[in-house]
Amino acid sequence: MKIALFKIFGFVLSHRILSNYGKMLVKKVEIAQVMPCIADPAKIRVIAKADHRLEEVLPFLDKVIPTALYSERAGFLTYKRGLSIITLHAFGEIAMTQITDNEEAVKILNEIKDKINDTWARRADLYAYLPKTNCGECGEKPCMAFAMKVLNEGKKLSDCTVLAEDKYRGARDTLVSLLESAGYEV
Ligand code: SF4
């Protein structure tokens, strides 16, 4: 089967995605290789490449994709989508098995791109609502390090004692809501 190369732009013109445009981690995914699927020769196996490495976002995707299996050491995250097995590699490769055709491949890759960017934007949102004093009271410094720890479940929001001050009540409520909507226990 010929190697196919398709450019996928897939910009979803929703307000949400547009508002997060500046925070996009992955702007483009290209299909690099299409092969017959080993499990089902009637289907295809697809290798695609994101225009950005993925290691920073994989731990967060692990939190938001219920069926995800993530190995930081091996540098990949894999999950099932119907019959397909999707694997995202830290170096930016995306492998998919049991895909019906190129059209379905493009659709799934756009879904993955949106999921990556949405998850990445949540991380940025979390930092945006922290006090940003970089005081170190939580045991982390600067506040971005604390945000990363919270998203990796190494810290609780309550570890930021500054956030407990009355003037941060609104920010704290927003953070709780952001984390709960991403499946975290707060
Ligand atoms: S205690 Fe809060 S404000 Fe201080 S460094 Fe940690 S996250 Fe930032």
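1. Let's start with the core of this predicted model. The largest nonpolar core holds 36 residues, and V46, I94, M96, A105, L109, F146 and A147 make the most contacts inside it. At least two residues of this core come from each of β2 (29-36), β3 (44-50), α2 (58-64), β6 (84-89), β7 (93-99), α3 (102-128) and α4 (143-151). The top contributor is α3, which gives eight residues. Both domain 1 (6-122) and domain 2 (129-181) take part, each with at least three residues in this core.

2. V46 is a handy place to look at that core in detail. Leaving aside residues up to four places away in sequence, V46 touches I31, V34, M96, I99 and A105. Two of these partners, M96 and A105, are also listed with V46 among the residues with the most contacts inside the core.

3. Next, the overall layout. The protein has five helices and seven strands, and their order from the N terminus is β-α-β-β-α-β-β-β-β-α-α-α. Of the 186 residues in the protein, 25% are buried. If you count contacts between residues at least 6 apart in sequence, 53% of them join residues at least 24 apart.

4. I'd also spend a moment on α4. Which residues of α4 are buried? They are C143, F146, A147, V150 and L151. Seen down the helix axis, these buried residues fall within an arc of 135 degrees, so they line one face of α4. The elements that cover them include α2 and α3. Just after α4, E153 has a positive phi of about 65 degrees, which you may like to find in the backbone.

5. Now the ligand. Which residues come nearest to the ligand? Of the 16 residues around the ligand, these are C135, C138, C143, F146 and C160. C143 and F146 are familiar from the previous point, as both are among the buried residues of α4. F146 also appears among the residues with the most contacts inside the largest nonpolar core. By type, the shell around the ligand divides into nine nonpolar, four polar and three charged residues.

6. A last stop is T133, in the loop between α3 and α4. Is T133 buried or exposed? T133 has 12 other C-beta atoms within 10 Å, and a residue with 12 or fewer counts as exposed, so T133 is exposed. The C-alpha atoms of T133 and V162 are separated by 8.6 Å, with the two residues 29 apart along the chain.

Conventions. Residues are numbered from 1 along each chain as its sequence is written. This is a predicted model: local features need pLDDT of at least 70, side-chain atom pairs count only at pLDDT 80 or more; totals for chains, interfaces and linings use all residues. A residue is near a molecule or strand if its C-beta atom, placed from the backbone, lies within 6 Å of it. Ala, Val, Leu, Ile, Met, Phe, Trp, Tyr, Cys and Pro count as nonpolar, Asp, Glu, Lys and Arg as charged, and the others, Gly among them, as polar. Helices (H or I, at least four residues) and strands (E, at least two) are DSSP runs, numbered from the N terminus. A residue is buried if 20 or more other C-beta atoms lie within 10 Å of its own, exposed if 12 or fewer, and partly exposed in between; C-beta atoms are placed from the backbone. Two residues are in contact if their C-beta atoms, placed from the backbone, lie within 7 Å. A nonpolar core is a set of buried Ala, Val, Leu, Ile, Met, Phe, Trp, Tyr and Cys residues joined through C-beta atoms within 7 Å. Domain bounds come from an automatic or database domain assignment. The arc is that of the directions from the helix axis to the C-beta atoms.
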